[in-house]
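Hi,

Here is the structure I said I would pass on. Have a look at it first, and then read my notes underneath.

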Amino acid sequence: MNDLVPIVVAGIAQGVPIFVVASGLTLIYGVLHVLNFAHGGFFLIGALIVTTTLQGPSLAAFGLSVLLAGVGVMLIGVVSEVAVFRPLYKAGSTVSFLGAFALFLALVGIALLIWGTNPRTVAYPEALNGSFDVGGARVGQYDLALVAVGGVIAAGLYLLLTRTSLGTRVRAVSHDRTMALALGIRVQRVSTSIFAIGAFLAGVAGALIAPVSSIDESLALSSDYMLPAFIVIIVGGLGSVPGALIAALALGVLESALFRVAPSLSGFSYYLVVALFLMFRPQGIFGSPSRSTQMAR
Amino acid sequence: MTAMVELRAASKAYQGVPAVQAVDLEVQRGERLAIIGPNGAGKSTLFGMIAGEHRPTEGSVWFNGKDVTTHHSSRRARAGISRTFQVARLMPTMTVRENLFLAALTGQRQGIRFWDALSTRPDVTEEAEAAMVAAGLADLSDVLASSLAQGARKTLEMAMAVVQKPTLLLLDEPTAGMGYDDARIATKQLGALLEERREMTIILTAHDMEVIHSLAERVVLMANGKVVLDGSPQYVADHAVTKELYLGRGAS
Amino acid sequence: MTTIGRRFPVVTRSGVHVLIGFAVVAVLMPVFFGGSPLFTWTTAAVWVLFAMSTSVLFGWTGLLSFGQAAFFGIGAYTMALIHENRPETPGLVMLLAAALVAAVVAAVFALFALRTSGAEFAILTLVLAQVLWLLTYRVSWLKGEDGFHGLFSVNIISNPLTSDLDLWYYTIAVVGFCVWLLWLLHRSTAGMAMRAVRDDPWRSAALGINVRRVQVCAFAVSAALSAVAGALLAQGQGVVSPGMLSFAISGEILVACLIGGMSRFGGPILGAIVLIWSQTLISNLLHDSSMFVGLLLLVIVIALPQGLVSLPGRVRNRRRASGPPSIPPAPTGSLADESVPDGSPVSAGDEEALR
């Protein structure tokens with residue numbers, strides 16, 4: 001029992017940034033049918049913005065930096081959608097995927113040019129530097145804060161998708177793009193909005209992990225965050241936000257448990273799980289069977 | 001004598017929604033069978049089960065007295081089943097000539113090998129050229145399939161299916177997407193071709209009664225995933241059930 | 001293609017012109033270059049082979065792999081391990097062993113991974129490379145970050161390579177031979193089947209082509225030659241490290257293919273040379289070339305989707321006609337959701353349909 005609580009909290013804390021990245025990815029996939037490889041670049045730039053904008057150790061300053069990172073990356077996201085993805089949409093999803101890949105390389109290159117190659121670090125906000133005693137085990141305050149932020153973002157996305165008109169349009173477009181067009185939905189505007197939201201979330205996620213990770217270019221495709229995010233959206237079902245949430249948390253906890261029980265196996269669990277899913281349930285937890293198997297082989 | 005194609009209580013459901021329900025069907029060697037029915041009747045699914053794209057959820061499919069239920073479509077193609085699709089499927093980056101070369105090559109059923117250079121197969125080239133001329137596509141020989149007009153696409157796909165020398169030819173809506181005049185010309189050409197190759201067994205789906213009357217000798221009417229009528233074109237065309245299905249209740 | 005061999009039937013049929021081309025380059029290059037530029041050319045030659053082998057999968061068969069580094073790395077590590085245990089093994093035997101190991105791994109992997117397609121398949125290949133990369137740190141005899149050093153003293157046939165010039169001749173000979181093999185594959189019925197599978201797997205299956213088998217074979221061939229490239233690089237540079245399995249390598253080789261364009265046989269060759277030389281030159285100027293590579297790729301994907309090899313044709317078209325240039329459709333394979341013939345979704349049980 002004493003072991004269990006920290007394992008679960010650490011696992012969820014690990015899963016939250018992954019979920020935040022993955023939710024944007026999966027939303028974009030749902031609407032644009034593009035696996036947005038450039039998300040790694042957004043994530044990296046989010047973290048780097050915090051290293052530049054953070055002033056002082058107060059919680060408010062940190063919160064402001066996180067917000068700035070989100071907004072900054074959102075702007076980059078909107079520009080990329082208009083400049084890169086819109087012209088490529090007609091060319092089909094292969095070309096869009098490659099466009100995303102090119103954008104990824106370009107963003108990482110630009111980030112290197114601006115921030116250099118030296119790894120950077122950010123201190124924990126002072127108020128969250130300590131740890132609590134939960135059920136006889138020590139749990140980091142920052143980890144708990146991450147869990148709370150993840151809950152807020154999940155709830156926000158749920159409300160956005162179910163209670164707003166944008167949410168309705170997003171669901172319509174991801175369900176059937178042609179039909180949505182026929183119904184008079186401005187699909188292009190929905191695409192841009194969803195790209196903006198996805199990029200904002202990626203920037204926020206990058207900012208949130210800034211204090212817990214060393215920040216350099218490898219973050220853009222790190223095996224701690226970005227690769228698991230790709231895996232999470234496949235396991236959760238491409239296009240499904242709840243699927244991404246469940247998969248991110250479950251995999252986070254699994255990984256953190258493995259780290260305690262069998263450290264030599266840690267790092268492999270994501271890959272093992274995604275391989276099993278792709279082989280036996282390629283549509284993921286919440287995906288419809290058709291979407292993933294529809295593609296010709 | 002065993003039937004060429006036999007479906008035994010074949011059913012197919014998509015995620016629990018039935019598309020074809022327990023269909024029994026026998027097609028004899030050399031028969032010309034048309035499958036008709038309103039949209040959603042299950043014609044295409046039935047076709048897919050014979051060609052191998054769809055595996056029945058229940059029941060079995062037999063070809064030349066062999067159970068081929070679990071055989072995938074490429075294996076059935078090698079056993080002698082060729083098909084066209086409702087919307088013609090071609091190799092977009094290959095020219096008309098290359099498309100036909102590929103079909104003639106796979107039609108020889110000798111397998112595909114690294115040590116077989118394309119240029120050392122004059123027999124295949126010859127066959128493909130002959131098919132191209134016969135189909136009236138000689139003028140378009142070096143045009144990419146992706147830039148062909150709708151009618152030419154259908155003609156090319158048909159030529160590809162025929163050059164494979166199938167024993168069973170499946171034609172899915174051979175005149176779909178054509179204008180009235182084109183469709184009539186295509187039907188006439190097809191009729192002449194099929195007359196030449198009496199040994200081929202034909203199963204086709206169609207909406208157009210003219211196509212059915214000129215190409216088919218037996219007609220199966222499907223509705224809601226089941227076979228409703230089975231008989232001569234005249235019998236099915238005149239039957240009250242057909243009129244009701246196509247024209248709505250009260251029309252008969 | 002039936003149009004092959006129209007002009008010079010005997011030469012193109014046997015691919016003699018490919019061999020002659022490489023022989024000319026092999027002889028001429030040392031005349032104009034020496035020292036460090038010649039070494040860059042040697043590296044570029046290795047990347048030419050790597051790019052060509054990637055193109056077998058990506059350009060010819062339409063399978064996008066984000067983990068080509070896996071096979072590149074398998075080749076390098078296989079070579080390093082053989083060298084460690086039996087240093088007297090001839091270099092060419094090491095290359096052969098590397099190719100075999102990679103081909104077997106690739107075929108087994110492909111049998112499972114090809115249950116998926118498109119973007120998911122690409123992610124699975126990425127996962128394979130990532131798992132191998134992780135393994136180099138976890139398995140003690142793979143030596144983690146340190147990797148293997150001092151692999152220079154490889155016996156090619158009987159004597160070790162002693163100079164940059166020897167290395168150049170050796171590398172270009174191996175690369176030329178492998179590219180020649182690929183030329184033969186490209187012009188064989190198997191090569192045509194690969195293009196057919198890329199163009200339309202459904203039509204291919206309906207023609208009787210065993211789609212799954214063609215894909216697995218393409219994967220094995222691609223992996224084997226990528227492994228030769230990896231082993232060759234290891235022999236030339238004398239170092240094998242986990243970096244060879246990294247995503248950067250997988251990404252760069254795709255960039256090389258895309259820059260050159262894969263609608264022509266020689267596209268990836270051009271792409272690899274452009275990539276290696278621009279990286280070398282820009283790194284001298286700017287310290288880091290990744291932004292340039294990204295932006296170049298972005299321009300290519302948006303403005304010139306057929307790659308640099310399509311440039312002459314475009315210019316010609318623009319001059320000739322005032323209308324839009326007629327460029328053949330992208331041969332990069334379809335990752336798109338392909339709808340099934342009758343428009344209904346293929347259920348999981350129908351996966352066998354196209355095997």
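Below is what I found, taken chain by chain and then on to the core and one loop residue.

One thing up front: this is a predicted model.

**Chain A**

Chain A has 12 helices and 2 strands. The two strands sit together in the order of elements, which reads α-α-α-α-β-β-α-α-α-α-α-α-α-α along the sequence. As for overall shape, the C-alpha trace spans about 60 × 45 × 35 Å along its principal axes. The radius of gyration of chain A is 19 Å, which agrees with the value near 19 Å that a compact globule of 297 residues would have. Buried residues account for 53% of those 297. If you take the contacts in chain A between residues at least 6 apart in sequence, 76% of them join residues at least 24 apart.

**The sheet in chain B**

In chain B, the thing to look at is an open sheet of 6 strands, in the order β6-β7-β8-β3-β9-β10 and with mixed pairing. Its edge strands are β6 (81-83) and β10 (226-231), each of which pairs on one side only. From one strand to the next, the twist averages 20 degrees.

Start with β8(B), where 5 of the 5 residues are buried. Which way do the residues of β8(B) point? B:Thr201, B:Ile203 and B:Thr205 go one way and B:Ile202 and B:Leu204 the other, and all are buried. That fits a general pattern: in a regular strand the side chains alternate between the two faces of the sheet.

β8(B) has parallel partners in β7(B), through 5 bridges, and in β3(B), through 4 bridges. On the β3(B) side, B:Ile35 has B:Thr205 as its bridge partner. On the β7(B) side, B:Leu170 is bridged to B:Ile203. To get from β7(B) to β8(B), the chain goes through helix α6 (residues 180-196) of chain B, and this β-α-β crossover is right-handed.

The antiparallel sense turns up between β9 (residues 218-223) and β10 of chain B, which pair over 5 bridges. There, B:Val220 stands opposite B:Asp230 in β10(B).

There is also a helix packed on this sheet. Helix α1 (residues 43-51) of chain B lies across β3 (32-36), β6, β7 (168-172), β8 (201-205) and β9, and runs at about 155 degrees to β7(B).

**Chain C and its enclosed helix**

Chain C comes out with 14 helices and 0 strands. Of its 355 residues, 57% count as buried. Among contacts in chain C with a separation of 6 or more, residues 24 or more positions apart make up 78%.

The helix I would pull up on screen is α8 (residues 189-199) of chain C. Why is α8(C) described as largely enclosed by the rest of the structure? Because 11 of its 11 residues are buried. Those buried residues include C:Met192, C:Met194 and C:Val197, and also the charged-looking names in the list, C:Arg195, C:Arg198 and C:Asp199. What covers α8(C) comes from two chains: it includes α3 (96-107) of chain B, along with α3 (35-60), α7 (164-186), α9 (201-206) and α10 (211-237) of chain C.

**The nonpolar core**

The largest nonpolar core has 293 residues, and A:Val21, C:Ala102, C:Ala227 and C:Val228 touch the most other members. The element that gives the most to this core is α10(C), with 17 residues. In general, nonpolar side chains tend to be buried together in soluble globular proteins.

For a closer view, take C:Ala102. Leaving aside neighbours within four places in sequence, C:Ala102 is in contact with C:Phe71, C:Ile74, C:Gly75, C:Ala223, C:Ala224, C:Ser226 and C:Ala227.

**A loop residue, for contrast**

Finally, C:His149 is in the loop between α6 (118-138) and α7 of chain C. Is C:His149 buried or exposed? It is exposed, because 12 other C-beta atoms lie within 10 Å, and the cut-off for exposed is 12 or fewer. Not counting residues up to four places away in sequence, C:His149 touches C:Gly238 and C:Val239. C:Gly238 is 89 residues away from C:His149 along the chain, yet their C-alpha atoms are separated by 5.9 Å.

Cheers

Technical notes: Residues numbered from 1 in each chain as written. Chains lettered and ligands numbered in written order. Predicted model: local features only at pLDDT ≥ 70, side-chain atom pairs only at ≥ 80, totals over all residues. Rg over C-alpha atoms; globule rule 2.2 N^0.38 Å. Buried ≥ 20, exposed ≤ 12 C-beta atoms within 10 Å, placed from the backbone. Contact = placed C-beta atoms within 7 Å. Pairing = 2+ DSSP bridges. Axes fitted to C-alpha atoms, helices over the stretch in contact; angles between N-to-C directions. Core = buried A, V, L, I, M, F, W, Y, C linked by C-beta atoms within 7 Å. Right-handed = clockwise from strand over helix to strand, strands pointing away.
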